[in-house]
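The following paragraphs lead through the strands and a helix of this fold, and are best read with the structure open alongside.

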Amino acid sequence: MALQKRGKYRYGDGQADIREEIARYSKANEYPAHHFADAVCRCGRTFRLLLDEDEGAAVRICAACSDEHPIGDSGDFLAEAELDECACPCGGERFEITVGVSLYEGSEDVRWLYLGCRCPNCGLVAVYGDWKNEFEGYQQLLARV
Ligand SMILES: [Zn+2]
Ligand SMILES: [Zn+2]
């Protein structure tokens, strides 16, 4: 598995490629991500994604059972959020979703969050949002992806 660059986009053939893209993107952002979690519903791994990057809130909706789940601590920010539905440049609106976090040095506390997606339709992998997140204890945050 490896990312392939075509034009300005990168493509991968599996969900694990999202981690590679988050790693690349986060390094350039100077807050490298080292911990990751994949979004999984009891019935599958593809979701619609609603996002407000400014507010730091994202909601995933399972493509199979329509269950709505605020990603990480997004539930705390939904009141102020204006969520937009994400779409792939190919027109696809279903994604595999992986979150990566960057931690403070020598700490378990989160400094920055990255939300990465892969479109199962065309394989495009990208970071759809990233924001400052100050959650204390990254494992609890990643458990709510
Ligand atoms: Zn489901
Ligand atoms: Zn696509």
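In this predicted model, helix H1, which spans residues 16-28, lies across the strands E2, E3, E8 (96-103), E9 (110-118) and E10 (124-132). Relative to E9, the helix H1 runs at about 135°.

The sheet to which these strands belong is open and has six strands in the order E1-E2-E10-E9-E8-E3, with antiparallel pairing. Its edges are formed by strand E1 (4-6) and strand E3 (35-38), each of which pairs on one side only. On average, and with direction ignored, neighbouring strands of this sheet are turned by 35° against each other. At the E1 edge, three bridges connect E1 with strand E2 (residues 9-11) in the antiparallel sense, and among the residues involved, Lys5 has Arg10 in E2 as its bridge partner.

A further set of pairings is built around strand E5 (residues 57-62), which is mostly covered, since five of its six residues are buried. With strand E4 (residues 47-52), E5 pairs in the antiparallel sense over six bridges, and in this pairing Leu51 stands opposite Ala58 in E5. The two strands E4 and E5 form a hairpin with four residues between them, and Gly56 in that turn has a positive phi of about 75°.

E5 is also joined by three bridges to strand E6 (residues 68-70), again with the two strands running antiparallel, and here the bridge partner of Ile61 is Glu68 in E6. E5 and E6 likewise form a hairpin, with five residues between them, and in the turn Ser66 has a positive phi of about 65°.

Notes: Residues are numbered from 1 along each chain as its sequence is written. Chains are lettered from A and ligands numbered from 1 in the order in which they are written. This is a predicted model: local features need pLDDT of at least 70, side-chain atom pairs count only at pLDDT 80 or more; totals for chains, interfaces and linings use all residues. Two strands pair if DSSP finds at least two bridges between them. Axes are lines fitted to C-alpha atoms, for helices over the stretch in contact, and angles run from 0 to 180 degrees between N-to-C directions. Two residues are in contact if their C-beta atoms, placed from the backbone, lie within 7 Å. A residue is buried if 20 or more other C-beta atoms lie within 10 Å of its own, exposed if 12 or fewer, and partly exposed in between; C-beta atoms are placed from the backbone.
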